[in-house]
Amino acid sequence: MMYPLIQLDDQTEIVHSDIILDGEEETVKVYIEKPVEGGFKSAECYLPKYEWKNIDGFDEDDIFRYQEVIESMAHLIFRFAKQGGLGNASNF
């Protein structure tokens, strides 16, 4: 399941998954999507390694900027992923 995290001023949406177990390591998928004429730009970032996959339409500068945003919120992303998203974070 994916949970909304933040929408930026340029309509880019950042969402995240629940905790994913990769062996014994906890991972979270962060998905970024930005509407553009005729479709979307998108990319996936896997925490905690900041491994980028499936980048479609974003350039290196975009990815650098989004990584800065994700890095600044990584501790919250993991917390929300463990608690079922931002909407449930206050329930714990």
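What follows is a walk through the strands, the helix and the core of this structure, which is a predicted model.

The strands are a good place to start. Strand 4 covers residues 25–36 and strand 5 covers residues 39–47, and the two pair up in the antiparallel sense through nine bridges. Within this pairing, Tyr31 has Glu44 of strand 5 as its bridge partner. Two residues sit between strand 4 and strand 5, which together make a hairpin. In that turn, Gly38 shows a positive phi of about 85 degrees.

Strand 5 also has a partner in strand 6, which spans residues 51–56; these two run antiparallel and are joined by four bridges. Here Cys45 finds its bridge partner, Trp52, in strand 6. Strand 5 and strand 6 form a hairpin as well, with three residues between the strands. Tyr50 in this hairpin takes a positive phi near 55 degrees.

Strand 6 is also home to Asn54. Is Asn54 buried or exposed? With a relative accessible area of 54%, it lies over the 50% cut-off, so Asn54 counts as exposed. Setting aside neighbours within four places in sequence, Asn54 is in contact with Ser42, Ala43 and Glu44. Asn54 and Ser42 are 12 residues apart in sequence, yet their C-alpha atoms are 7.5 Å apart in space. With Glu44, the link is a polar contact between the two side chains, at 2.9 Å.

Next comes helix 1. This helix has 24 residues and reaches 32 Å from first C-alpha to last, close to the 34 Å expected at 1.5 Å a residue. The helix is not straight throughout, though: a kink of about 65 degrees is centred on Met73. At the start of helix 1, a side-chain oxygen of Asp59 comes to within 3.1 Å of the backbone nitrogen of Asp61. Just past the other end, Gly84 takes a positive phi of about 85 degrees.

Quite a few residues of helix 1 are buried, among them Ile63, Tyr66, Ile70, Met73, Ile77 and Phe78. Asp62 belongs to helix 1, too. Its relative accessibility is 13%, under the 20% cut-off, so Asp62 counts as buried. Not counting residues up to four places away in sequence, Asp62 touches Lys41 and Gly57.

That leaves the core. In soluble globular proteins, nonpolar side chains tend to be buried together. The largest nonpolar core in this model has 19 residues, and the members that touch the most others are Val30, Ile32, Leu47, Trp52, Ile70 and Ile77. Which elements give two or more residues to this core? They are strand 4, strand 5 and helix 1. Helix 1 gives the most, with nine residues.

Val30 offers a closer look at the surroundings of one core member. Leaving aside neighbours within four places in sequence, Val30 is in contact with Ile14, Val15, His16, Ala43, Glu44, Cys45, Leu47, Ile70 and Ile77. Two of these contacts, Ile70 and Ile77, are buried residues of helix 1.

Note on methods:
Residues are numbered from 1 along each chain as its sequence is written. This is a predicted model: local features need pLDDT of at least 70, side-chain atom pairs count only at pLDDT 80 or more; totals for chains, interfaces and linings use all residues. Side-chain values use heavy atoms; hydrogens and water are left out. Two strands pair if DSSP finds at least two bridges between them. Buried means under 20% relative accessible area, exposed over 50%, partly exposed in between (1.4 Å probe, protein chains only). Contact means heavy atoms within 4.5 Å. A nonpolar core is a set of buried Ala, Val, Leu, Ile, Met, Phe, Trp, Tyr and Cys residues joined through side-chain atoms within 4.5 Å. The expected span of a helix is 1.5 Å times one less than its number of residues. The bend at a residue is the angle between axes fitted to the seven residues ending there and the seven starting there. A polar contact is a pair of N or O atoms within 3.5 Å; within protein, one must be able to donate a hydrogen and the other to accept it, and residues adjacent in sequence count only if both atoms are side-chain atoms.
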